[in-house]
Amino acid sequence: MSMYADEESDEGIVPMKRSNNEGVSSAETVEGRTSPKGNGGQTAAARTLCRDTASNGLAAVRQAARQSKTVRFTALLHHITTDLLKRSYLALARDAAPGTDGVTWQGYGESLEEKLKDLHERVYRGSYRARPARRTYIPKADGSKRPLSILCLEDKIVQQAVVYVLEAIYEEDFLGFSYGFRPGRGQHDALDALHAGIYRKQVNWVLDSDIQGFFDAMAHSWTIRFLEHRIADKRILRLVAKWLKVGIIEDGRVTRGKVGAPQGAVISPILANVYLHYVFDLWAERWRRQKARGDMIVVRYADDLVAGFEHEDDARRFLDAMRERFAAFSLSLHPVKTRVIEFGRRAAVNRKNRGVSRPDTFAFLGFTFICSKSRRGFFQLQRKTRRDRMQTKLQEIKAELRRRMHQTIPDQGHWLRQVVTGHFAYYAVPTNSRSLSAFRHYVSDLWRRTLRRRSQKDGFTWERMTKLADDWLPAPRILHPWPDQRFAVKHPR
């Protein structure tokens, strides 16, 4: 059987073909869509343990996917070798909680070669069986709880191997404004693209949208159907179907359904990207080229997406069309968190002339975006740490400090230094220095209160605390360059 075969896709789901002489739109330049040559360099960066390039087989799959957007791959399972399974095992988190089988990463590592060989044979024979995931909940910044599925270790290993195979195909298909859970792309790349788009395009209105319960709403039938546009290997599709339908265990009961991808599963991020690639990305790209009357930008990180428009009418029409589009694929927008706001370089002046309040703000990937002015009076897009994210982090630090109350000061200081350093590594962007200073101050105050609780007679003054904080906590300083500068380096076009 050949590795791939050409086949037409269903009407209304595949992207419209470009003409040979059609260039890349300027909006794609803003969103950081690289050329095919550049994509090849990025996606080929998957490394083996000795930092060599990936197998020739996956390289051939990647090359075929790059050359044709309609090719369907009929033989993919043979790429899941024992070496790829070992690479997948080593890529997993060492300290992750065990699944329903109770097997830890360290425990599975004993006699690893024999276990992986047996797992490989079971996958090929079709006797591999996925096990239900264990359900737990983690708190969110808004006070609600996010369901998290904890898989068995072998399920994680096989899923990670399948992810490597799927990435070889879909990294050649995904559009430039998709940033979530992709090799060589991160949250700051999405933040840079949004910042650059607002500055470089005529953005006067922003659509701040939220997909309601996205991972719980993904229809299994649509997920498999979308995969079938590129994958004709029934064995790979059966593996994915197993993981979607195996269900979760909660309070001793197994629950299965026809919708939802388990959050926390290794396979879920790429399935989510495939789902939204067909439901939103290709549709939004076509809508921008055919129906937008002015400039339009789109940035998506997993299920978090923001769109900017030159005209309010475009924003309203796009929102109405997006609601209908999502409804056709079992998705819905949050009625409260989805809104169109006036936002951009002229928003403050326009609203002031109309006698209304300052432009609203919106949140994206942990930051609040604000229309402001620089010291010279020019428009400046400010990004500040979301208040609820900071409060949630401080509550976590407070609880952990109480647990560590009777540790030595050096032990507490060493831990707090790691926490503050990690916070700064993400949030230390230009225009956010006040939030950084405030975070460090609150951490110091929580530490001071913890030390004072160790003894009723302890008079731990702020003067002494300031010296202690200077010894252990990093000073607040900007670590990231200006977004447009980094964006220009990564996307010179």
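1. Cavities. The structure holds 2 cavities of 30 Å³ or more. Note that this is a predicted model. The largest cavity has a volume of about 60 Å³. The second largest comes to about 40 Å³.

2. Lining of the largest cavity. The lining of this cavity consists of 13 residues. Nearest its centre lie Ala-96, Ala-97, Val-103, Leu-153 and Lys-156. By class, the lining of the largest cavity has 9 nonpolar, 2 polar and 2 charged residues.

3. Lining of the second largest cavity. The residues here are Glu-167, Tyr-170, Glu-171, Phe-174, Phe-181, Arg-182, Pro-183, Ile-270 and Asn-273. Helices α7 (153-170) and α12 are the elements that give two or more residues to this lining. The class split for the second largest cavity is 5 nonpolar, 1 polar and 3 charged.

4. Asn-273. This residue is part of the lining of the second largest cavity. Asn-273 sits in helix α12, which spans residues 268-290. Is Asn-273 buried or exposed? Its relative accessibility is 2%, so Asn-273 counts as buried, the cut-off for that class being under 20%. With neighbours within four places in sequence set aside, Asn-273 is in contact with Phe-174, Ser-178, Gly-180, Phe-181, Arg-182, Arg-300 and Ala-302. Phe-174, Phe-181 and Arg-182 are among the residues that line the second largest cavity.

5. The largest pocket. Its volume is about 1500 Å³. The lining has 47 residues, and the closest to the pocket centre are Lys-140, Arg-146, Asp-303, Asp-304 and Arg-389. Which element gives the most to this lining? Strand β4, residues 145-150, does, with 4 residues. The lining of the largest pocket divides into 22 nonpolar, 11 polar and 14 charged residues.

6. Aromatic pairs. A search of the whole structure finds 23 of them. One is Tyr-199 with Phe-379: the ring centres are 5.6 Å apart and the planes are at 50°, so this pair is tilted. The pair links distant parts of the chain, with Tyr-199 in helix α8 (residues 187-200) and Phe-379 in strand β13 (residues 379-385), 180 residues apart. Tyr-199 counts as partly exposed, at 25% relative accessibility. Phe-379 counts as buried, at 16%. The assignments differ because the buried class ends at 20%: Tyr-199 has 25%, while Phe-379 has 16%.

7. A second tilted pair. Phe-280 and Phe-326 form an aromatic pair with 6.2 Å from centre to centre and 55° between the planes. This pair also links distant parts of the chain: Phe-280 belongs to helix α12 and Phe-326 to helix α13 (residues 312-327), 46 residues apart. Both Phe-280 and Phe-326 are buried.

8. Aromatic cluster. Phe-214, Phe-215, Trp-222, Phe-226, Tyr-275, Tyr-278 and Phe-329 form one cluster.

9. Cysteines. How many disulfides does the model have? The count comes to 0, where a disulfide needs two cysteine sulfur atoms within 2.5 Å. Cys-152 is buried, with a relative accessible area of 2%. Cys-371 is buried too, with a relative accessible area of 7%.

Technical notes:
Residues are numbered from 1 along each chain as its sequence is written. This is a predicted model: local features need pLDDT of at least 70, side-chain atom pairs count only at pLDDT 80 or more; totals for chains, interfaces and linings use all residues. Side-chain values use heavy atoms; hydrogens and water are left out. On a 1 Å grid over the protein atoms alone, a cavity is a set of points where a 1.4 Å probe fits but cannot get out, and a pocket is an open set with protein on both sides within 12 Å along at least five of seven lines; lining residues have an atom within 4 Å of a point. Grid points are joined across faces, edges and corners, and a volume is the space filled by probe spheres set on the points. Ala, Val, Leu, Ile, Met, Phe, Trp, Tyr, Cys and Pro count as nonpolar, Asp, Glu, Lys and Arg as charged, and the others, Gly among them, as polar. Buried means under 20% relative accessible area, exposed over 50%, partly exposed in between (1.4 Å probe, protein chains only). Contact means heavy atoms within 4.5 Å. Rings of Phe, Tyr and Trp (its six-membered ring) pair if their centres lie within 6.5 Å; planes under 30 degrees apart count as stacked, over 60 as edge-to-face and the rest as tilted.
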